[in-house]
Every structure is written in C-alpha cells, then in structure tokens.
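Visitor: I have the chain up on my screen and would like to know how its labels are earned. Could you take me through the reasoning?
Guide: Gladly, let's look at it together.

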Amino acid sequence: KPLVSEICFIDNEENAVNCPPSEFTEDDGKSQLISCSHCCVQVHSSCYGAPPPENSKSWMCCRCSNGAWKAECCLCSLRGGALKQTTDRRWIHVICAIAVPEVRFVSVAERSPIDVKKIPSQRLKLKCVFCQKQTKEHKGACVQCSLGRCPTSFHVTCAHAAGVMMEPDDWPSAVYITCYKHKMNVSWKSTNSRELSVGETVVAKYRNSRYYNCRVIGRTSQTFYEVMFEDGSFSKDTFPEDIVSRNCLLLGPPAVGDIVQVKWTDQMLYNATYHGSNIIHMYQVEFEDASQLTVKREDIYALDEELPKRVKARLSAASDMRFEDAFCGKDIMPTQQKRKRTESSKYKNEYVDDAVFCAFLKSTCQSQRHKGQ
C-alpha cells in the first residue's frame, strides 16, 4: 500500500478539495508494484503515474525508455531511482518533487512533466548537512526541518538515506520532516514528560526565548481526533464536534476503524476512518515578575526532569535589583567617597608625572598668589 497519498501531488487548494483518487489505486487503497526490466527500480503504479503493464517483464521506467543512462536528479544530483522529466528536459526524482514545496506536477495523473521553475533562489543556496563536507560543488535544492524555524537543511535523498523522519502531512505541506535534533527531543519527551500539577515549580520558556523558574497556576487541555481520509491524507487535530455522523461530545469517540463523516474547513463533508485521539495540554504559568503566560507542555520542564543542552544554554535567573546598594546599602558620607578623576584625552600627552616638577609648580603658584595679595 503506498504511503504517499494523492493529495501530495496537488498544487493548489481548489484541487485539494476535489482531489479524486488515482486511477491506479484499488478500492482498498493498494497499488500494484511494478519493476523496470532494465534498471530494476521498483515503484508503486500510483506513485509513478504508470499503468500496470500486461507483461511485467517488458515495462521500463522513463529514464530507461529514453536511454538516459547518465541522467541525474536536478534537485539532489544522484543518478538512478524513480526519475521523471521536468519541463526543461532535465530529470528529477519523484520523492524530491513531492518534498520540495515549490515543485509542481503539470499532469497529476501521469506525474509528469514536473515544473521546477518556481524554486526560489534562497532554497537553492541551502547546504546539505550530510554531503556538503564531501562535495566542494554545491548542487540541487534542499528542504528543511519542519519544526519551528529549525535551519537544518538537507537533500531529500540524503535525508532519506540517513534515516531522517519524513511523514505525509496535510496539504499544502506534503511532507513533514523531523531532523535528528528534534527527533531526539520528541523521543525524550515521550519517555520523560508527565502531567504537571498546579502550584508546582517548573522551568518554562519566556517571551524572550529564554527559560526561567516559574509556578504553574492553571491547566487546560483539548482533545483532538485522528482521522484518515479516503485519499490517504490524515488529520491529527480534528475537533470532536467536527464529526457530524456521531455526537462525540455526548457519546464519546467512535471505535477505532469506524467510518465517520468529517466537516472540514471548506464546510464540505468527507468520509474518513477514525484512528484514535490525542490530548494536548496547555499550562498557565506565573513568573517571578508576576507576568503570566500560557505555555505548551513541550516548553516546560519539571525540576526532576533533565534539561536538554539547548535549554541549559538559555537558562536564566530573575535578576536582582542592579542598584540595590544605591537605595538600601550603607550610608556613604560625601567626604568618604572620592570621585575618580579622569584624564582628558585631548591633553593626554601633556600631563606631567614628575613629583619634583609638580612640587616646584605648586610653590611657584602659591608665591605668585601672595604677591598679588
């Protein structure tokens, strides 16, 4: 069964709403695997946009049927694999075309040709963290980690070979990518995170992106349903009230595997399969300066949880009064406090440090003063 849903090949919201299943996909969502008789590359018929051949031994992929034996992907520079032609007669991997957001399939049914002209120059300047040290020449276009503003970038095929987590996502982001750094954080939280209680002292992320000690003063949560639609796309944040075929607020969630009707944001109804539910916890915390924030659990750490290195680097303490001594320190008499004299830079080279000459100059000034009196 293909992991890539039909919606991953769509290029605009209008087509995504009326996205029909691939003609090469069976009713149960499965698609036949076909293998090139020359290079032996194996693809799903629906993923490659090729009808299942009557004689599987005679089918050839696009690269082999065109005799382009040295063809390489214009987005990752690797040869071989499931290649398709672009509108400017170059070659590109189907997986690279799916993952790079600006790439468009001209013919969705045939998965070709593929338009790469809208890739911005900023993406072309990104460097792959896996192959930039091995190759001096920078080629292709990279994708980045999907979490926040993570700058980690890599070629799609380099990331796939290195085991980077890439999952189908809701339109318009066809692929959700998690780099190793965030993958470790996710696995760490899944084994160490727990529910926090009101009044508990924790470490939380503040508006300035630094972490401070604070106190939990409230907690709220929201239950979301996970459903998979008929075209293979899925949603992890469907509200229970969006299930119109069942009163989930009164009867509770449906059984896993049940077919439900979901009212989507376009006000249309879609059939989907219920896969389960997840609860997202939000905490209201109060910092030492009495300011309050509502923070996700992923940005809060209990005192008995080990802090990651990135959090330790940004951990701060609430600053004490910087000028406390000026208001409540010991009384300092004006005669006891002597202001340091600062030499003028204008006459820096004209100051004389000779003690004998200074004494002579002082006595001369005093004698002239007495004469004037």
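Guide: We can begin with the cysteines: the count here comes to 0 disulfides, and please keep in mind that this is a predicted model.

Visitor: How do you know that Cys-62 is in no disulfide?
Guide: A disulfide needs two cysteine sulfur atoms within 2.5 Å. For Cys-62 the nearest cysteine sulfur belongs to Cys-61 and is 6.8 Å away, so by that cut-off Cys-62 has no disulfide partner.

Visitor: What makes Cys-150 and Cys-179 fail the test for a bond?
Guide: Cys-179 has the closest cysteine sulfur to that of Cys-150, at 3.8 Å. The limit is 2.5 Å, so the two sulfurs are too far apart for a bond.

Visitor: Why is Cys-150 called buried, and Cys-62 partly exposed?
Guide: Buried means under 20% relative accessible area, and partly exposed runs from there up to 50%. Cys-150 has 7%, so it counts as buried. Cys-62 has 22%, so it counts as partly exposed.

Visitor: Now to the charged pairs. Why is the contact between Glu-102 and Arg-123 called a salt bridge?
Guide: The rule asks for a side-chain nitrogen of Lys or Arg within 4 Å of a carboxyl oxygen of Asp or Glu. The closest N and O atoms of this pair are 2.8 Å apart, so Glu-102 and Arg-123 qualify. The structure holds 6 salt bridges.

Visitor: What makes this pair a link between distant parts of the chain?
Guide: Glu-102 sits in the loop between helix 4 and strand 5, Arg-123 is in helix 5, and they are 21 residues apart.

Visitor: Are Glu-102 and Arg-123 buried or partly exposed?
Guide: With the line drawn at 20%, Arg-123 is buried because its value is 14%. Glu-102 is partly exposed because its value is 23%.

Visitor: How do you know that Arg-215 and Glu-286 form a salt bridge?
Guide: Their N to O distance is 3.0 Å, and the limit is 4 Å, so this pair passes too. Arg-215 lies in strand 12 and Glu-286 in strand 15, so the bridge ties together parts that are 71 residues apart in sequence.

Visitor: One last point: why is Tyr-180 called partly exposed?
Guide: Its relative accessible area is 36%, which falls between 20% and 50%, so Tyr-180 is partly exposed. Tyr-180 lies in helix 7 and joins Val-129 and Phe-130 in a nonpolar surface patch with about 230 Å² of accessible area together.

Notes
Residues numbered from 1 in each chain as written. Predicted model: local features only at pLDDT ≥ 70, side-chain atom pairs only at ≥ 80, totals over all residues. Heavy atoms only, no water. Patch = residues over 30% accessible without salt bridge, like charges linked within 9 Å, V, L, I, M, F, W, Y side chains within 5 Å. Areas by Shrake-Rupley, 256 points an atom, 1.4 Å probe, with all protein chains shown as cover. Helix = DSSP H or I, 4+ residues; strand = E, 2+ residues; numbered from the N terminus. Buried < 20%, exposed > 50% of the residue type's maximum accessible area, 1.4 Å probe, protein only.
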